[in-house]
Amino acid sequence: MKKIQMVDLKGQYAAIKDQVNTSIQEVIDTTSFINGPKVKEFQKNLEDYLGVKHVIPCANGTDALQIAMMGLGLQPGDEVITADFTFAATVEVIALLGLTPVLVDVDPDRFNIDIDAIEKAITPKTKAIVPVHLFGQCADMEAILALAKKHDLYVIEDNAQAIGATYTASNGSKAKAGTIGDVASTSFFPSKNLGCYGDGGAIFTNNDDLAHTIRGIVNHGMYKRYHHDVVGVNSRLDSIQAAVLDAKLSHLDNYNKSRQNAARKYNAAFKNHPNIEIPKAGNGCETICDNCDCHVFHQYTLKLKNTDRDALVAHLNSKGIPCGVYYPIPLHKQKAYQDERYNDADFKVTNQLSKEVISLPMHTELDDDQIEVITTSVLEFLS
């Protein structure tokens with residue numbers, strides 16, 4: 001049996017080696033390393049895949065989120081509401097821009113931002129909501145858009161973990177994650193469902209004017225060389241990373257299906273165990289649908305009940321099985337983001353999740369033997 005990896009990038013590369021190598025060699029042959037033809041080709045192909053009017057590539061996912069906020073013209077002191085249970089990059093960029101981060105609790109079943117908590121946190125200074133599509137499934141975008149319309153707020157999707165996921169509204173209409181709000185950001189970090197071989201990111205929007213503004217921001221505020229029309233940054237996706245991403249984009253749906261299949265096998269092994277709560281699938285589904293992409297499993301995350309999580313982590317590691325805890329410390333308890341405005345009692349779900357969650361290996365190359373070893377080892381510990 002192959003060594004179990006949290007993410008098996010080497011195995012994934014081996015399966016598409018010729019395609020990736022050819023795509024990279026094309027860039028080297030042209031020597032168009034910045035904003036070359038491959039960047040524009042990938043941009044167009046991703047727009048077609050997502051069904052969105054504008055994809056603006058940039059250097060990484062954190063830049064993407066920051067640039068999205070800059071493009072909307074948010075000003076210091078404006079309040080931006082986001083989830084407490086997520087990676088720090090989401091709140092980091094809010095603080096970097098001099099905006100006021102407002103953290104709220106999450107839903108206990110799907111770990112995404114809690115709608116009631118958003119509404120309670122809205123003040124006259126609130127200007128935007130940043131739902132994070134955590135672990136591979138969309139937040140409740142229909143409810144979030146309704147709140148945004150009611151209070152005249154922007155919606156900025158953090159789609160770093162859910163590219164390829166599909167959101168289904170109550171009327172049956174469907175849209176890809178990252179194409180629903182005013183603007184969205186994503187990351188192409190190597191371990192993502194669509195990852196490059198370095199850093200990379202992109203911004204998505206259907207707003208023509210906003211897309212124009214953002215295209216200037218990512219390139220030093222220039223639309224014409226040496227003419228700086230807006231305050232910008234240097235954040236461009238290099239052509240070699242675009243070549244890798246374009247080669248992998250045609251495989252993304254199959255990659256996500258492989259993740260879903262692995263999740264089904266995990267679920268079958270853990271279902272009804274008294275100490276384990278398996279992931280809810282997303283969009284109101286209780287199971288992983290055979291013919292939809294409501295959850296694309298960037299992570300496969302369990303909630304443990306009455307279990308010593310640290311001991312389980314040690315047990316798995318002793319058997320050569322990696323695992324992760326995303327996230328062990330709520331953002332409102334992080335030194336950088338502590339604020340006297342926060343009442344710990346308002347973060348009951350996040351506080352509990354931080355003690356209970358554990359993520360098991362999840363990637364496109366997981367095979368049945370590996371899944372059996374992982375699940376057997378977890379159940380062995382819990383017996």
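In the predicted model, the buried residues of helix α9 are S239, Q241, A242, A243, V244, L245, D246, A247, K248 and L249. These are 10 of the 11 residues of the helix, which spans residues 239-249, so α9 is largely enclosed by the rest of the structure. The packing partners of its buried residues are four helices: α1 (9-15), α2 (17-30), α3 (37-50) and α10 (252-270). The N-terminal end of α9 is capped by D238, a side-chain oxygen of which lies 3.0 Å from the backbone nitrogen of I240.

Helix α10, one of the partners of α9, also packs on a sheet, where it touches β12, β13 and β14. The direction of α10 makes about 20 degrees with that of β13. The sheet is open and consists of three strands in the order β12-β13-β14, with antiparallel pairing. Its edges are formed by β12 (276-277) and β14 (357-360); each has a single partner strand, so one side of each is left without a neighbour in the sheet. Between β13 (residues 300-304) and β14, the antiparallel pairing extends over four bridges, and T301 stands opposite S359 of β14.

The largest nonpolar core comprises 36 residues, of which I81, F85, I113, I118 and I144 touch the most other members. At least two residues of this core come from each of β2 (79-83), β3 (100-104), α6 (115-121), α7 (141-151) and α12 (348-356). When residues up to four places away in sequence are left out, the contacts of I113 are I81, T82, A83, V104, D105, V106, D107, I118, V130, P131, A139 and I144. Two of these, I118 and I144, are listed with I113 among the residues that touch the most other core members. A second core, separate from this one, has 26 residues, including I4, I288, I321 and C323.

Aromatic pairs number 12 in the structure. One of them joins F85 and F111 in an edge-to-face arrangement, with 6.2 Å from centre to centre and 75 degrees between the planes. F85 is located in the loop between β2 and α5 (89-96), and F111 in the loop between β3 and α6, so the pair ties together parts 26 residues apart in sequence. Both F85 and F111 are buried. F85 also pairs with F135: the ring centres are 6.3 Å apart and the planes are at 85 degrees, so this pair, too, is edge-to-face. Here the link is between distant parts of the chain, 50 residues apart, as F135 lies in the loop between β4 (126-130) and α7. F135 is buried, as is F85. Through ring pairs, F85, F111 and F135 belong to a cluster that also contains Y326 and Y327.

T205 is part of strand β9 (residues 201-205). The residue has a relative accessible area of 2%, below the 20% limit, and therefore counts as buried. Two polar contacts of its side chain involve backbone atoms: the oxygen of D182 is reached at 2.8 Å, and the nitrogen of N207 at 3.1 Å. Apart from residues up to four places away in sequence, T205 touches V52, K53, H54, I56, D182, V183, L210 and A211. D182 thus appears both as a polar partner of the T205 side chain and in this set of contacts.

Terms used: Residues numbered from 1 in each chain as written. Predicted model: local features only at pLDDT ≥ 70, side-chain atom pairs only at ≥ 80, totals over all residues. Heavy atoms only, no water. Core = buried A, V, L, I, M, F, W, Y, C linked by side-chain atoms within 4.5 Å. Buried < 20%, exposed > 50% of the residue type's maximum accessible area, 1.4 Å probe, protein only. Contact = heavy atoms within 4.5 Å. Phe/Tyr/Trp six-rings, centres within 6.5 Å; stacked < 30°, edge-to-face > 60°. Polar contact = N/O pair within 3.5 Å; in protein donor to acceptor, adjacent residues only side chain to side chain. Pairing = 2+ DSSP bridges. Axes fitted to C-alpha atoms, helices over the stretch in contact; angles between N-to-C directions.
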